[in-house]
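Work through the exercises below with the sequence and the structure at hand. Each task is followed by a solution in steps.

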Amino acid sequence: MPEAIALHNSAAAGDAKDLDAAVSMLEALSEADPENAEIVAYLGSAYAITAREGRNVVSKMRNTNKALRHLDQALEMEPDNFSVRMVRASVQRNLPPMFNRADDAVEDMVVLDRLFQATDKAPRSMAEAMLSIYDHLLAHAASRGDWAAGRDIALDRSK
């Protein structure tokens, strides 16, 4: 799985040559272990990247819908899995508004904060990942004029 995630992350960063390999490897891993929520989530994200990189509108829609089904399935399997929530939140916050997933992304981010706060000794990678989550939550609160929520988020970050 680490190799598949590395390929996925490379594709997410824009390296198109790794995308097909990531999808193929994640599909094989998912077939071998269909109950592994993290594999299902990363496969969903890989389909979202495929949609992002696609040129055909029909294929983009098909891949986005496939991505969302996988991400939702992974969350149903393990709703308190930090990695699953992080992958799903990342995909959903980058979707066009027509998919109506902005509120779900915020909900995932709030759950991520709860999971992070409940972790006694969070690894550095988890703490670093939370920085972008807090930035997004702060911007989201401000965009809605919810200054109290934005203040609370900013104060929580300063602890």
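**Exercise 1. Decide whether Met98 is buried or exposed, and find which nonpolar patch it belongs to.**

Step 1. The model is predicted. In it, Met98 has a relative accessible area of 56%. The cut-off for an exposed residue is over 50%, so Met98 counts as exposed.

Step 2. In the chain, Met98 sits in the loop that runs between helix 5 (82-93) and helix 6 (102-117).

Step 3. Together with Val57 and Met61, Met98 makes a nonpolar surface patch of about 300 Å².

**Exercise 2. Check the length of helix 4 and describe its two faces.**

Step 1. Helix 4 covers residues 57-77, which is 21 residues. At 1.5 Å a residue the expected span is 30 Å, and the end C-alpha atoms lie 30 Å apart, so the two values agree.

Step 2. The buried residues of helix 4 are Asn63, Thr64, Ala67, Leu68, His70, Leu71, Ala74 and Leu75. Viewed down the axis of helix 4, these buried residues fall within an arc of 165°, so they line one face of the helix. The general rule behind such a pattern is that an α-helix has 3.6 residues a turn, so residues three or four places apart point the same way.

Step 3. Val58, Arg69 and Glu76 are exposed on the face of helix 4 turned away from the buried side.

Step 4. The cover over the buried residues of helix 4 includes helix 3 (37-53), helix 5 and helix 6.

**Exercise 3. Take one polar residue of helix 4, Asn63, and state what it is in contact with.**

Step 1. Asn63 lies in helix 4. Its relative accessible area is 15%, so Asn63 is buried.

Step 2. With neighbours within four places in sequence left aside, the contacts of Asn63 are Tyr47, Ala48, Thr50 and Ala51.

**Exercise 4. Treat Val40 in the same way, and relate its position to Arg69.**

Step 1. Val40 belongs to helix 3 and is buried, at a relative accessible area of 2%.

Step 2. Beyond its neighbours within four places in sequence, Val40 is in contact with Ser30, Pro34, His70, Gln73, Ala74 and Met77. Two of these residues, His70 and Ala74, appear among the buried residues of helix 4.

Step 3. Val40 and Arg69 stand 29 residues apart in sequence, and their C-alpha atoms are 9.7 Å apart in space.

**Exercise 5. Repeat the analysis for helix 2: which residues are buried, and where do they lie around the axis?**

Step 1. Helix 2 (residues 19-32) has 14 residues. From first C-alpha to last, helix 2 reaches 20 Å, close to the 20 Å expected at 1.5 Å a residue.

Step 2. Leu19, Ala22, Val23, Leu26 and Ser30 are the buried residues of helix 2. They cover an arc of only 95° around the axis, so they are on the same side of helix 2.

Step 3. Asp20, Glu31 and Ala32 are exposed on the other side of helix 2. The buried residues of helix 2 are covered by elements including helix 1 (2-12) and helix 3.

**Exercise 6. State how many salt bridges the structure holds, and describe individual pairs.**

Step 1. The structure holds 10 salt bridges. In general, side chains of opposite charge can pair when their charged atoms come close.

Step 2. Asp18 pairs with Lys17, with the closest N and O atoms 3.5 Å apart. Asp18 is buried at 13% relative accessibility, whereas Lys17 is exposed at 63%.

Step 3. Arg124 and Glu128 meet in a salt bridge of 2.7 Å, N to O. These two residues are four residues apart in helix 7 (residues 124-143), so about one helical turn separates them. Arg124 is exposed, with a relative accessible area of 65%, and Glu128 is partly exposed, with 42%.

Step 4. Arg101 forms a salt bridge with Asp104, the closest N and O atoms being 3.8 Å apart. Arg101 counts as buried at 13% relative accessibility, while Asp104 is partly exposed at 25%.

Step 5. Arg101 and Asp104 also take part in a network of salt bridges that links them with Asp72, Arg85, Arg88 and Asp108.

Note on methods
Residues numbered from 1 in each chain as written. Predicted model: local features only at pLDDT ≥ 70, side-chain atom pairs only at ≥ 80, totals over all residues. Heavy atoms only, no water. Patch = residues over 30% accessible without salt bridge, like charges linked within 9 Å, V, L, I, M, F, W, Y side chains within 5 Å. Areas by Shrake-Rupley, 256 points an atom, 1.4 Å probe, with all protein chains shown as cover. Salt bridge = Lys/Arg side-chain N within 4 Å of Asp/Glu carboxyl O. Buried < 20%, exposed > 50% of the residue type's maximum accessible area, 1.4 Å probe, protein only. Expected span 1.5 Å × (residues − 1). Arc of directions from axis to C-beta. Contact = heavy atoms within 4.5 Å.
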